[in-house]
Amino acid sequence: MECRLGCGACCIAPSISSSIPGMPNGKPAGIRCVQLNEQNLCQLFGSSERPLVCSAFQAEHTICGDNSEQAMQIITEWELITKVS
């Protein structure tokens, strides 16, 4: 599956523990990554500054669903299920 340009769900819904330029302590779940622009495109795409976890992400239907709204729902649900207290 190809990533949906402008979706941004993977840059908003999950928590990211890796340091991100502008977010040295990572980002909490549900918070937009500061590197996500107004068109929901990663400003670090293709850059060596992009965290490995982000570069390694591969879009697939079980994660991204049929549209951006489903992607947000699925990733948010997975984040809640896997949250470590």
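**Group meeting: cysteines, cores and a pocket**

The backbone oxygen of Pro-21 sits 2.8 Å from a polar atom in the side chain of Gln-35, and I would like to start from that pair, keeping in mind throughout that what we have here is a predicted model. Gln-35 belongs to the segment that precedes helix 1, which spans 52–56. Is Gln-35 buried or exposed? Gln-35 is buried, because its relative accessibility is 15%, and the cut-off for that label is under 20%. Setting aside residues up to four places away in sequence, Gln-35 touches Ile-20 and Pro-21 on one stretch of the chain, and Leu-41, Cys-42, Gln-43 and Leu-44 on another.

In that segment before helix 1 we also find Asn-40, whose phi is positive, at about 60°, although Asn-40 is not a glycine. As background to that remark, most residues other than glycine have a negative phi.

Let me turn to the nonpolar interior. The largest nonpolar core has 9 residues, namely Cys-11, Ile-12, Ile-16, Ile-20, Met-23, Cys-33, Leu-36, Leu-44 and Cys-54, so two of the contacts of Gln-35, Ile-20 and Leu-44, are with members of this core. Ile-12, another member, touches the run Lys-27, Pro-28, Ala-29, Gly-30, Ile-31 and Arg-32, and also Leu-36 and Met-72, again leaving out residues up to four places away. There is a second, separate core of 8 residues, and Ala-13, Ala-59, Cys-64 and Ala-71 are among them.

With cysteines in both cores, it is natural to ask how many disulfides a search of the whole structure finds. The search finds 0. For Cys-54 the reason is distance, because the closest cysteine sulfur, in Cys-11, is 6.3 Å away, which is too far for a bond when the limit is 2.5 Å. Cys-64 is likewise in no disulfide, and the nearest cysteine sulfur to it, that of Cys-7, is 6.4 Å away. Cys-64 counts as buried, because its relative accessible area is 8%.

Cys-11 and Cys-54 come up again when we look at the largest pocket, which holds about 880 Å³ of space. Of the 39 residues that line it, the closest to the centre are Cys-10, Cys-11, Arg-50, Cys-54 and Phe-57. Helix 1, helix 2 (61–64) and helix 3 are the elements that each give two or more residues to the lining. Which of the elements gives the largest share? That is helix 3, with 5 residues.

I will close with one residue from each of the later helices. In helix 2 there is Thr-62, whose side chain makes a polar contact of 2.7 Å with the side chain of Glu-60. Beyond its neighbours within four places in sequence, Thr-62 is in contact with Ile-74 and Trp-78, and the C-alpha atoms of Thr-62 and Ile-75, which are 13 residues apart in sequence, are 9.6 Å apart in space.

Helix 3 covers residues 68–82 and includes Glu-69. In contrast to Cys-64, which is buried, Glu-69 counts as exposed, because its relative accessibility is 54% and the threshold for exposed is over 50%. Its C-alpha atom is 8.1 Å from that of Ala-9, although the two residues are 60 apart along the chain.

Notes
Residues are numbered from 1 along each chain as its sequence is written. This is a predicted model: local features need pLDDT of at least 70, side-chain atom pairs count only at pLDDT 80 or more; totals for chains, interfaces and linings use all residues. Side-chain values use heavy atoms; hydrogens and water are left out. Buried means under 20% relative accessible area, exposed over 50%, partly exposed in between (1.4 Å probe, protein chains only). Helices (H or I, at least four residues) and strands (E, at least two) are DSSP runs, numbered from the N terminus. A nonpolar core is a set of buried Ala, Val, Leu, Ile, Met, Phe, Trp, Tyr and Cys residues joined through side-chain atoms within 4.5 Å. Contact means heavy atoms within 4.5 Å. A polar contact is a pair of N or O atoms within 3.5 Å; within protein, one must be able to donate a hydrogen and the other to accept it, and residues adjacent in sequence count only if both atoms are side-chain atoms. On a 1 Å grid over the protein atoms alone, a cavity is a set of points where a 1.4 Å probe fits but cannot get out, and a pocket is an open set with protein on both sides within 12 Å along at least five of seven lines; lining residues have an atom within 4 Å of a point. Grid points are joined across faces, edges and corners, and a volume is the space filled by probe spheres set on the points.
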